[in-house]
Amino acid sequence: MANNRRRVVKGIIAAASLGTFIYGYYGTVDKILRPSVTIYGPDKIDGPEVRYVYSSCLGCNVRCGIRVRIINVNGVQIVERIEGNPYHVYNRAVLPEKQIKRYNPLPYSFSARESLKYTGTLCARGQDGIHYLYDPYRVVKPLKRAGPRGSGRWKTISWEQLIDEIVNGGVIEETGERLPGIRELFTYGVLRDARFEDPNNILSRMKEDVNQILSNSSHLTFDELRKKIEEFKSKWEAELNTKGLTLSDILIDPDRPDLGTKANQIVFVRGRGQGHSDDFSQRWVAAIGSINWLRHTSSCQLGYYAGNRIWAGYTDINPDVRGAKVLIMAGAQIGRLHPGATGQGLIIERAAEGELKVYYVNPVAPRGDCNGNFIWVPIKPGTDAALAMAMVRWIIENGRYNKIFLESPNEESAKKKGEIVYTNATWLVITEDGHPRGGTFLRASDIGKGEKNQYVVVYNGELVPYDTVDEAELFYAGKVKLSTGEEVEVKTALQILKDEAFSRSIEEWCEICGVPVETVVRMAFDFTNAGRAASTYIHRGVGMQPNGEYSVWAYRTLDLLIGNYHRRGGLMARADTTNYNGALYNTGPSNFGEPVKWGPPIDRHGVAYEDTLEYWVRLKRDGNAYPAKRPWYPLTPEESYTEIFAGIDEGYPYPVKALFMYYANPVLAANFGIKFIKVLRDTEKLPLFVAITTTINETFLYADYIIPDTTYLETGTLGIQYLYASSAGVRYAEAWRVPVVPPMTMKIGEDPNGYPRYSSLWEFLIDLAKKLGTPGYGERSIPGVKETRYEGKWFPLHSIWDYIMRVYANGAVDAVKKGLIPEQVPVDDVKFVEENYWIARFKDIVPSEWPWIAYAMARGGVFTSYDESYDENGVVKRKPKRTLLEFWDEKLAMTRNSVTGQRFYGGPKYFPPATYAPIEAKTTEKWLQGTPLREIWPEDRYPFLVIMPGSPLYTKHRSQFYYWMKQIMPRNYAVLHPRDAARLGVDTGDIVKIETPNGYVETPVLVEPTTAPGIITIPVGMGRWADTAISKPEYFEIREKELKELIEAIPEKTEIPEDAVNPLKVLPEISKKTLFTKSNKEFYESSLAIDEWRFNGITLNVIASSDPSLKDWPLLSWVGASQVYFYTPAKVTKTGEKEKITFTNMIW
Amino acid sequence: MIEYFYPNEAATPLLWEPVLFAYTLLVSGADLLILASLGYLTKKLEKTIPLLLILGISFFSVVLLGPLADLRSPHKAPLLFSIPHISPTYTTPGISLIAFQSILWIIALILSIVFMLLYFSYPMYLKSKEVERFKGLYLAFSLGVDSREKYDKLSLITKGIAIILLLPATLWGLYPSTLLISQTWSFVWRNWVMLPVIYFADTFVVATAIAILVYFIWRRRRMEAEVIQPLLKVHAAGSLSVSALTALQLSIWWFWFDDSIIIQSLTTITSWMFIVIALLITSFVLSLIALRFLVISILVSLVAFAGTIANKWNILMNSQLISKTGMGVFELHLPADWLFKTASPIALAIFLLVIISSLFPLEVKEVG
């Protein structure tokens, strides 16, 4: 009985368990029996259908090396894999059996074919570059708008019609609008067509006359100045009339001849710049005679550039991370800044192994602590100079600066000590308050002891010319009697820095920046305890602030104090380069017979307001020339998005007639760039807008014509790419970008050699130039270089191949000359390239130089090793761009704010982030010219600051085509510190409203202590709404009525002929499936289906900071005109809605 | 056809669903086999060997169902056996740990079945004499061993197999934690340095708890001290070890992360660790009491289950809720049918237990 009962119980248990198993496991069994995946064989990695090409990446702008595997499937060249280049100094070589330990690049002489056994490291973005090439939203045929600007309606036109209409003008048939051509703006051509024998003779004489007026302006009365201008006009009207022209046919404004010729009204703006697409477009702009070849640098790193240029005379300076023992890494994001996610692997490896200590100064935490050697130092945005000053104070107080190095007052005395650079620490500066010479260096001539070009130092208590002694006093303050009899206060440049650093206690500085005193002391101690192998490593977080240039300089004084410049482990300017534009052929942007040009650029960079006729006329007429209509930026090295668009909008300093924009998206990429839409929509202010691009983005939505461009895996941005600072610490490091596959854009014909031409930037500019008849294009275009075998010869330029093959030839020949490429190239290396590289078919353009070209191409560029890049004293063999490094800059001290007319402070100093000019006359500090932003938007109203850092995955808004990365991080969100989250009552996944003075965005929140309290971090790269297809944005609202209406006017969808987009149609089905495993077939098969991933997430830029003192245009830094990305005051409220943040979202 | 592993597959959510939690419980099957082998070799747990063997085989044979259910493409699982990457090649260095363990699983399973058949051979012969039904079946299981002498001679081979079985079973006992530490990028797992030893000790806790539970259900008030006491002793040692090692891990984290933001993120995990320590200490104390009062052993088993489930859930599920930076904490979102999915491999193990225990006795009176 008991046994029976036991059996029954066992039977029930058995049945129940079997039932549970079947029910619970049915799903798995079903997946096994009916798998929902496509069976696909392994990739072919060798054989006749497989080839390998070394090139250069463009996932970001770091220019790492790539090796691309291409497979031929029924005549279609398909990119299957992108990996790292083992020769490249950033990627370094990885052996299959040795993947974990640290490694070096392959020796440059290593056989190309053998190199295939190795690979190189490459970040996620680099590997995902395939999706850039194979993007269904790519435009492949020229388009012309078929409705009002921004309507999203387009029609296809032929290449010939495109070129003709842009040169001679066209009509939008659907609206009846007339579009102007650029022929009448090509002043050189206008003169030539009027039968002036030598247009440049006219232009150069005219320019000379303009310079004459300007140089005499200061001595003239208003009437005399007017008379001079009238005389100029009469003279030139008379001469031009002889051929039927008037001065108005040539100059923008005959009353303002300093603005230059009408060619300046053609503006070329590029976003992403790369080696030879830059040289080539610059050459085109030079060929049409315009001054306006402009870049996106304000949105890139302009504050950092401008700051560096002040103290070092050069823009791009960062540390040798391979040799450094301590780094103060401030505002430089891991995974973002050069050497990028790939190259920064070395920093992480060295830190993890205890060879390097990194103080990561950033409101956002690093992604690891590397065994305690990555120390996060959260800082309040915009206060970096305060931290630097605290360190400077500690270093000076404790005497831990490099006295011997700093005491050298001139280059010769420095050389005697084995130094390659010297500083102006000992030079005396006139610091007398209100004195006209205040801020300038005291000259020997001022005290009757020498010449005007001799600075004065203190030696043994005596004032002496700086070049008469080998050392001088570092700290001095006193009164000096000038030859004029005046007595003025003077201080050494280092004394001024000391006074600034000692103007507050370390505790007070720390209070400003929010960094604990003990951390600052520890940082200063470690920094000065590593000899010269310590360095600051700074970038956007520091530079992209209103006070950016001053903060950059403040940090860099730490480097000056230890004297680490161009030393192993110290700061370095970029690597040396081969002569890739002038070794044999002149492929550079000048000296090919281009028109003479002059005038200020539309964004007024590099030109002082005080050097314009506007200034002199107003000064002479009104006695005061301030405020200028918009600021001028004489000390900035590059261009500003804000000022380009504000300039076009306000017609200041002159109206623009045609805008050519290439590879850019300022509407989305600039802080509050949404304001630019106002300009782009306005056909009066911008009569012609031409976009050269791969897809139609938020900016190009307003273009009149779209020119399909090629990607970097085709012919896009080909050429030689120098590496940014510090180029892995080696002497030469250049990546070569070559075409990996033939372009997927429309074939537009063949050149006279029978070589194919495809729609792209290159061919577009060539055909425009040929149609206009500019110098430098056509049969006799590229001059041979003097003192070479091609001196006196001219070469044709009918296609990209004519140009780019000669660029490679220059680089290769110069590399041979420098001993980097052997005279006798191994035959197999040449064979390797000829078997694998599509570009080898153009070798007949440069037959003599081909073997050397092939040698470099087979290695993806020209590289030297780390060890051979230093001398026995640890000095890098690169040539420093300038030998004088500054603690005080006279030029800056003499530069005036264009609105207030007041001088800028001439040394490193802490200023609170502020507007350019005062609001309601509010200023709080003597040298501060604007109003602190926190006075305008106080913390009680806007308790947070929002910042938008890059990440190892996303660094640009264009990154949305990277579909493999999208699977790791499909969308972004706002990261909030747990303490702030608790105060607001929000959890991960709650949707919040982030309100700034310009509007609001709504986004889910990720609660993590990876962001400092009081900071909202929104990872950059998302929030798109136009990328050929349109998905109308709903995540933000703009406060300003006009802009709000412009956003509302964005069309619901785009209308483009089916055959003008989606180059993927030629790919085999399996390739498409492999590329877009997560997307609906409709996305990659048909044209313009909306893919959610492409348009999800948010960008803060739409509501980021603007400058109320400058008509609310996007906020800029004061000196460099850099966009301000890291200072947007905000408040946060909970919406009550939730969105699931899944595990796939946790990596950012 | 060999299939390709797409990069995007590697980027799928790292959340291992609770079905894998069941897997780590089932791995205790390996420890039951270890105990059975050791018992056989040392003659220390003689009376419990049939129980441990049957339980061990039942649990161990279904162990791979956990990870199989967790795979996105389970139909590819046979590739682990057909093209296992267990020796490095020039182009593909390293080895696949999961392929290696899968092959070991087959070896261990075969060895344990052979061990079981040899162990039960003579008892099966004896049983064939006692019964009327299924006589032939029992004779077949006797493998022709019809005398004590033959059985004694066979014990040499049985011992050899028991010794060999120890290696793959031990590697399996260590495997889950090794996998977590070395094959993933979870911040918590990477920093849970005591995980391998905790895991190994914990599987003994689970193994003995299961054995005690099954024995209690089977014999209830007729439990024999000879059977239950050795199990309780092993259990007590295991419980004490796991609690001590967990406490040690807590101290290590406090030492490492001190008052850093990371220790804040770990709050949930550390709270659960306190619970685990408390439960297992209780189980340890109860084990000592149960040595004298056998009936208490059911409590030992239940408390130990609570402790070990909390421990495994903490290790497997809570740890995955910490972001890679170690600074973010996520909420757990489970699929609606997670409980059934989790229970299903355990259910099959129970089913097998019922079937095998119907064929082979949980208690053998006359053995070598």
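Kinks, domains and unusual backbone in chains A and B

Visitor: At which residue of α7(B) does a kink lie?
Guide: The model is predicted; local features need pLDDT of at least 70, side-chain atom pairs count only at pLDDT 80 or more, and totals for chains, interfaces and linings use all residues. Residues are numbered from 1 along each chain as its sequence is written, and chains are lettered from A in the order in which they are written. Helices are DSSP runs of H or I with at least four residues, strands are runs of E with at least two, and both are numbered from the N terminus. The kink is about 50° (the angle between axes fitted to the seven residues ending at a residue and the seven starting there), and shortly before the proline P123(B) it lies at S121(B).

Visitor: How far apart are the end C-alpha atoms of helix α7 of chain B?
Guide: The expected span is 1.5 Å times one less than the number of residues. For the 34 residues of α7 (residues 97–130) of chain B that gives 50 Å, which agrees with the end C-alpha distance of 47 Å.

Visitor: What is the radius of gyration of chain B?
Guide: Chain B has 16 helices and zero strands. The globule rule (2.2 Å times the number of residues to the power 0.38, with the radius taken over C-alpha atoms) gives 21 Å for 368 residues. Chain B comes close to this, so it is as compact as a globular protein of that length, at 22 Å.

Visitor: How many residues does domain 3 of chain A give to the contact with domain 2 of chain A?
Guide: Domain bounds come from an automatic or database domain assignment, with domain 2 at 50–135 + 714–867 and domain 3 at 318–572 of chain A. Their centres, taken over C-alpha atoms, are separated by 39 Å. Contact means C-beta atoms, placed from the backbone, within 7 Å; domain 2 of chain A supplies 18 residues and domain 3 of chain A supplies 14.

Visitor: Which residue is joined to P627(A) by a cis peptide bond?
Guide: P627(A) sits in the loop between α21 (613–622) and α22 (641–650) of chain A. Omega is about -5° for the cis bond, and the partner is Y626(A).

Visitor: Is A728(A) buried or exposed?
Guide: A728(A) has a positive phi of about 60° although it is not a glycine, and its loop runs between β27 (719–722) and β28 (733–737) of chain A. The cut-offs are 20 or more other C-beta atoms within 10 Å for buried, 12 or fewer for exposed, and partly exposed in between, with C-beta atoms placed from the backbone. A728(A) has 26 such neighbours, so it counts as buried.

Definitions and conventions. Two residues are in contact if their C-beta atoms, placed from the backbone, lie within 7 Å.
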